[in-house]
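Subject: Structure handover

Hello,

Here is the structure we talked about. My notes on the charged and aromatic side chains follow below it.

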Amino acid sequence: MVLYRPVGEAEYLLIVQSGYRSFPPRLPEQPIFYPVLNEWYAIEIASRWNQKSKDSNYKGYVTRFTLEDTFAARYEVHTVGAGYHQELWVPAEELEAFNRHICGKIEIVAQFPKK
């Protein structure tokens, strides 16, 4: 399953530090890790929210990665707005296992503001 994850600068730098192999642990106030199912939704979040947030250092990135289908199947797809606003909800305590089922590397496919 191909998934996307919009991130701010701090999370982006931690992904780089991992060799583009894993997402960092969630902060205590972040009980859910939510990768999204389509690039447009990820772009919307990164450009409209991350890029405008001081917490993201006014930068947004869109990551793309592949997760093993059999592992991805354990998570229900949630639609949280428009029909294309689809996410998987991964409990924070399962993120380490989730990272082990990523196939290959995490790619950066968009950056905001654009270079």
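Arg100 is exposed, at a relative accessible area of 55%, where exposed means over 50%, buried under 20% and partly exposed in between (1.4 Å probe, protein chains only). Before the rest, some ground rules: this is a predicted model, in which local features need pLDDT of at least 70, side-chain atom pairs count only at pLDDT 80 or more, and totals for chains, interfaces and linings use all residues. Residues are numbered from 1 along each chain as its sequence is written, and side-chain values use heavy atoms, with hydrogens and water left out.

Salt bridges

Arg100 forms a salt bridge with Glu96, the closest N and O atoms being 3.7 Å apart; the term means a side-chain nitrogen of Lys or Arg within 4 Å of a carboxyl oxygen of Asp or Glu. Glu96 also counts as exposed, at 61% relative accessibility. The two residues are four apart in helix 4, so about one helical turn separates them. Helices here are DSSP runs of H or I with at least four residues, and strands are runs of E with at least two, numbered from the N terminus.

Salt bridges that share partners also join Arg5, Glu11 and Arg26 into one network. In that network, the closest N and O atoms of Glu11 and Arg5 are 3.3 Å apart, and those of Arg26 and Glu11 are 3.5 Å apart. The Arg26 and Glu11 pair links distant parts of the chain, 15 residues apart: Arg26 is in the loop between helix 1 (9–17) and strand 2 (32–33), and Glu11 is in helix 1. Both Glu11 and Arg5 are buried, and Arg26 is buried as well. The whole structure has six salt bridges.

A buried acid without a partner

Which side chain of opposite charge is nearest to Glu87? It is Arg5, 7.6 Å away, and Glu87 is buried yet has no salt bridge. For charge, Lys and Arg count as positive and Asp and Glu as negative, while His and the chain ends are not counted. Glu87 sits in strand 5 (residues 86–88). Its side chain makes a polar contact of 2.6 Å with that of Tyr41, such a contact being a pair of N or O atoms within 3.5 Å; within protein, one must be able to donate a hydrogen and the other to accept it, and residues adjacent in sequence count only if both atoms are side-chain atoms. Tyr41 is one of the buried residues of helix 2 (residues 39–48).

Strand 1

Five of the six residues of strand 1 (residues 2–7) are buried, so the rest of the structure largely encloses this strand. Six bridges join strand 1 to strand 3 (residues 60–67), and the two run antiparallel; strands pair if DSSP finds at least two bridges between them. Arg5 stands opposite Thr63 in strand 3.

Aromatic rings

There are nine aromatic pairs in the whole structure, where rings of Phe, Tyr and Trp (its six-membered ring) pair if their centres lie within 6.5 Å, with planes under 30 degrees apart counting as stacked, over 60 as edge-to-face and the rest as tilted. The Phe71 and Phe98 rings have centres 6.3 Å apart and planes at 70°, so this pair is edge-to-face. Phe71 lies in helix 3 (residues 69–72) and Phe98 in helix 4 (residues 95–100), so the pair ties together parts 27 residues apart in sequence. Phe71 counts as buried at 6% relative accessibility, and Phe98 at 0%. Ring pairs link both of them with Phe23, Phe33, Phe65 and Tyr75 into a cluster.

Regards
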